[in-house]
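Reader: I am in my first year and would like a close look at a single part of this model, namely the sheet. Could you take me through it with care, and place it within the chain as a whole?

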Amino acid sequence: MTSYALKDTGAKLMNRAHRLILTVSGNRLLARPFGMPVVELHTTGRKSGLPRSCYLTTPIHDSGRIVLVASKGGDDRNPDWYLNLQAYPDAELVIDGTRRKVHARTATSHERAELWPKIVAAYNGYADYQTRTSREIPVVICELRS
């Protein structure tokens with residue numbers, strides 16, 4: 001098994017475990033890792049066209065947007081959920097038990113420069129992830145739709 005395949009399998013298993021713990025605990029355990037709320041992102045697979053979902057944290061969110069960080073733990077590759085959003089930017093997020101329709105886009109360089117210090121203030125691990133990779137970690141702005 002390649003190093004990438006091993007990393008990807010580990011990430012998928014962790015996501016399944018997180019889903020199980022949240023379900024069994026009634027969304028009480030692991031709902032705010034590192035002090036950030038967990039969101040469940042629902043996308044359309046860019047290759048398969050099938051529904052996909054994963055759990056992520058959001059370091060910044062307000063009444064009009066939810067910010068996600070495509071860090072993949074500092075991997076040199078972008079996460080699949082990010083690639084799916086690039087292909088199909090209309091998605092859904094579940095935050096605080098409410099499912100919301102969103103339109104996702106990658107932050108502009110100006111927006112990223114403004115958001116990055118706030119993201120790192122919310123969770124310093126993102127700064128560490130950035131040092132592990134030569135790619136600029138994308139910041140995704142999910143704008144809430146009605």
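**The sheet and its surroundings**

Author: In this predicted model, the chain exposes about 8,300 Å², of which carbon and sulfur atoms supply 55%. Of the 146 residues in the chain, 40% are buried, and among contacts with a separation of 6 or more, 63% join residues that lie 24 or more positions apart. The chain contains four helices and seven strands, and from the N terminus on these elements follow one another as α-β-β-β-β-α-β-β-α-α-β.

Now to the sheet itself. In general, the strands of a sheet pair through backbone hydrogen bonds, either parallel or antiparallel. Here, seven strands form an open sheet in the order 2-1-5-6-7-4-3, and the pairing is antiparallel. Its edge strands are strand 2, residues 51–57, and strand 3, residues 60–61, each of which pairs on one side only.

At one of these edges, strand 3 pairs with strand 4, residues 65–69, in the antiparallel sense over two bridges, and His61 stands opposite Ile66 in strand 4. Helix 3, residues 109–122, lies across strand 3, strand 4, strand 6 (98–106) and strand 7 (139–144), and this helix runs at about 95° to strand 7.

Two cysteines can be placed here as well. Cys54 has a relative accessibility of 12% and therefore counts as buried, since the cut-off for buried is under 20%; Cys142, with a relative accessible area of 0%, is buried too. The structure holds zero disulfides.

Notes
Residues numbered from 1 in each chain as written. Predicted model: local features only at pLDDT ≥ 70, side-chain atom pairs only at ≥ 80, totals over all residues. Heavy atoms only, no water. Disulfide = S-S within 2.5 Å. Buried < 20%, exposed > 50% of the residue type's maximum accessible area, 1.4 Å probe, protein only. Pairing = 2+ DSSP bridges. Contact = heavy atoms within 4.5 Å. Axes fitted to C-alpha atoms, helices over the stretch in contact; angles between N-to-C directions. Areas by Shrake-Rupley, 256 points an atom, 1.4 Å probe, with all protein chains shown as cover.
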